[in-house]
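Trainee: Before I use this model in my own calculations, I should like to go through its architecture and side-chain contacts. May I put my questions to you in turn?

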Amino acid sequence: VEASDPKGWILRPLYRFYLDRMLPLVERFFLKGAQDFSMLGIYTKTFGDSSFLADCLEEEGLKIRRHRFFFGCATGISGSKPERGGRQ
C-alpha cells in the first residue's frame, strides 16, 4: 500500500493542501529534524499511484489485483504467480 495522488476525487485539492502545506508545518513544529512528512506531498505528485508497477508485474505474467483505499489517497497491489500445469 502506497500513498497516492487521488486524481479525479472532488476533495483532491483539500488533500493536496494537507500533504503539501499542513504536514510540513506539523513536522517543522512537532517533529524537529524529521523530513519524512515534508516529502510526502512531493512523493505522491511524482508517484501518482501504483498503476505503473501493477502494469509491469502483469507484463511479467503475474496475476494482479489492484486496490484503492480512501478514495484513491492510497493504492495497493496484491497478486500471485500463476500456477503452471503439472508438478515440477
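Mentor: The exchange below concerns a predicted model and takes up the sheet, the loop, the salt bridges and the surface in turn.

Trainee: In what order do the 3 strands of the open sheet stand?

Mentor: Strand 1 and strand 3 (residues 74-80) pair in the antiparallel sense over 2 bridges, with Glu2 opposite Thr75 in strand 3. Strand 2 and strand 3 are also antiparallel, paired over 7 bridges, and here Lys63 stands opposite Ser80. The order is therefore 1-3-2.

Trainee: Which strands stand at the edges, with one side left without a neighbour in the sheet?

Mentor: The sheet is open and its order is 1-3-2. Each edge strand has a single partner strand, so one side of it has no neighbour in the sheet; these are strand 1 (2-3) and strand 2 (63-69).

Trainee: At what angle does helix 3 run to strand 2?

Mentor: Helix 3 comprises residues 51-59 and lies across both strand 2 and strand 3. Its angle to strand 2 is about 170°.

Trainee: Which residues in the loop between strand 2 and strand 3 have a positive phi although they are not glycine?

Mentor: The hairpin of strand 2 and strand 3 has 4 residues between the strands. One residue of this loop has a positive phi of about 50° and counts as exposed because its relative accessibility is 65%. Another residue of the loop has a positive phi of about 65° and is exposed, with a relative accessible area of 58%. They are, respectively, Phe70 and Phe71.

Trainee: Asp5 and Asp20 each form a salt bridge with which residue?

Mentor: For Asp5, the closest N and O atoms are 3.5 Å apart; this pair links the loop between strand 1 and helix 1 to helix 1 itself, across 11 residues. For Asp20, the corresponding separation is 2.9 Å, and the two partners are about one helical turn apart because they lie 4 residues from each other in helix 1. The residue concerned in both salt bridges is Arg16.

Trainee: Is Arg16 buried or exposed?

Mentor: Asp20 has 25% relative accessibility and so counts as partly exposed, whereas Asp5 is buried. For Arg16 the relative accessible area is 7%, so Arg16 is buried.

Trainee: Which residues are linked in a network of salt bridges?

Mentor: The whole structure contains 6 salt bridges. Among them are the pair Asp5 and Arg16 and the pair Asp20 and Arg16. The network consists of Asp5, Arg12, Arg16, Asp20 and Lys45.

Trainee: What is the N to O distance in the salt bridge of Arg66 and Glu58?

Mentor: Arg66 counts as partly exposed because its relative accessibility is 42%. Glu58, at 36%, therefore also counts as partly exposed. Their side chains meet at an N to O distance of 2.8 Å.

Trainee: Which helix gives the largest share of the nonpolar patch?

Mentor: The patch covers about 880 Å² of surface and is made by Phe17, Tyr18, Met22, Leu25, Val26, Phe29, Phe30, Leu31 and Phe37. Among these, Met22 counts as partly exposed because its relative accessibility is 35%, and it lies in helix 1. The largest share, 7 residues, comes from residues 12-30, that is, helix 1.

Methods: Residues numbered from 1 in each chain as written. Predicted model: local features only at pLDDT ≥ 70, side-chain atom pairs only at ≥ 80, totals over all residues. Heavy atoms only, no water. Patch = residues over 30% accessible without salt bridge, like charges linked within 9 Å, V, L, I, M, F, W, Y side chains within 5 Å. Areas by Shrake-Rupley, 256 points an atom, 1.4 Å probe, with all protein chains shown as cover. Salt bridge = Lys/Arg side-chain N within 4 Å of Asp/Glu carboxyl O. Buried < 20%, exposed > 50% of the residue type's maximum accessible area, 1.4 Å probe, protein only. Pairing = 2+ DSSP bridges. Contact = heavy atoms within 4.5 Å. Axes fitted to C-alpha atoms, helices over the stretch in contact; angles between N-to-C directions.
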